[in-house]
Amino acid sequence: MARGSRRQGAPGRRSRDRHGRGLRGPLYPASLPAARSRAERFDALVLEALEPIEARWRTELTQLDVAVDDVPDVQSTDDGDVVEDGNVPLARLLPAGEDRRARIVLYRRPLEARAKDGADLADLVHDVLVEQVANYLGLDPDVVDGD
């Protein structure tokens with residue numbers, strides 16, 4: 001039998017991957033935090049940063065949505081308050097319209113690019129979120145943060 005060819009139904013051989021080591025599976029069980037993607041970890045970070053703000057300003061934030069997008073839309077013409085680093089938006093506050101609620105959009109990739117590590121990213125997300133909520137409420141960011 002020539003190398004690389006297989007006979008159908010050869011006894012003793014099971015269908016496996018090319019090197020005979022078995023099929024690849026997940027490295028970590030789905031229940032562990034290490035199995036989450038970067039986007040899922042970032043979403044959890046945003047929820048964690050939003051929790052104390054929402055606990056303090058719950059009644060004022062009932063008409064506000066918070067969303068995460070990977071990168072800012074370059075073609076976007078929506079007017080809104082933008083937090084920028086240079087010319088790259090980190091977040092945007094979209095005012096309420098006739099058919100939509102007000103929305104804060106955090107941009108994951110620019111925020112991750114500016115953070116040195118996980119703790120720095122958590123602080124940056126918190127600061128940007130506080131600034132956007134302060135813009136929405138028309139207050140000073142120190143008042144919104146309340147530390």
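# A guided tour, starting at strand E4

Begin by selecting E3 and E4: these strands run antiparallel and are joined by 4 bridges (two strands pair if DSSP finds at least two bridges between them). E3 covers residues 88–94 and E4 covers 102–107. Before going further, note that this is a predicted model, in which local features need pLDDT of at least 70 and side-chain atom pairs count only at pLDDT 80 or more, while totals for chains, interfaces and linings use all residues. Residues are numbered from 1 along each chain as its sequence is written, and side-chain values use heavy atoms, with hydrogens and water left out.

**The whole chain**

Zoom out for a moment. The protein has 4 helices and 4 strands, in the order α-β-β-β-β-α-α-α from the N terminus. Helices (H or I, at least four residues) and strands (E, at least two) are DSSP runs, numbered from the N terminus. Of the 147 residues, 26% are buried; buried means under 20% relative accessible area, exposed over 50%, and partly exposed in between (1.4 Å probe, protein chains only).

**Back to E4**

Now add strand E1, residues 64–69, which runs parallel to E4 and is joined to it by 6 bridges. Click on isoleucine 104 in E4: valine 66 stands opposite it, and so does leucine 93. E4 is mostly covered, with 5 of its 6 residues buried.

Next, select valine 105, also in E4. Is valine 105 buried or exposed? Valine 105 counts as buried because its relative accessibility is 8%. Leaving out residues up to four places away in sequence, valine 105 touches Ala67, Asp69, Leu90, Ala91, Arg92 and Leu94, where contact means heavy atoms within 4.5 Å. Try a distance label too: the C-alpha atoms of valine 105 and leucine 93 are separated by 6.4 Å, although these residues are 12 apart along the chain.

**Along helix H1**

Move to H1, residues 38–56. This helix has 19 residues and reaches 28 Å from first C-alpha to last, close to the expected 27 Å (the expected span is 1.5 Å times one less than the number of residues). Stop at leucine 50, where H1 has a kink of about 35°, shortly before proline 52. The bend at a residue is the angle between axes fitted to the seven residues ending there and the seven starting there.

Show the side chains of Phe42, Leu45, Val46, Ala49, Leu50 and Ile53, the buried residues of H1. What do they pack against? Their partners are E1, E4, helix H2 (108–114), H3 and helix H4 (141–145).

**A glutamate in H2**

Select glutamate 112, found in helix H2. With a relative accessible area of 17%, glutamate 112 is buried. Apart from residues up to four places away in sequence, glutamate 112 touches Arg38, Phe42 and Leu121.

**Into the core**

Finish with the largest nonpolar core, which has 26 residues. A nonpolar core is a set of buried Ala, Val, Leu, Ile, Met, Phe, Trp, Tyr and Cys residues joined through side-chain atoms within 4.5 Å. Highlight Ile53, Leu106, Leu111 and Val125, the residues with the most contacts inside this core. H1, E3, E4 and helix H3 (118–137) each supply at least two of its residues, and H3 gives the most, with 7.

For a last stop, centre on isoleucine 53. Beyond its neighbours within four places in sequence, isoleucine 53 is in contact with Leu61, Leu129, Val130, Val133 and Val144.
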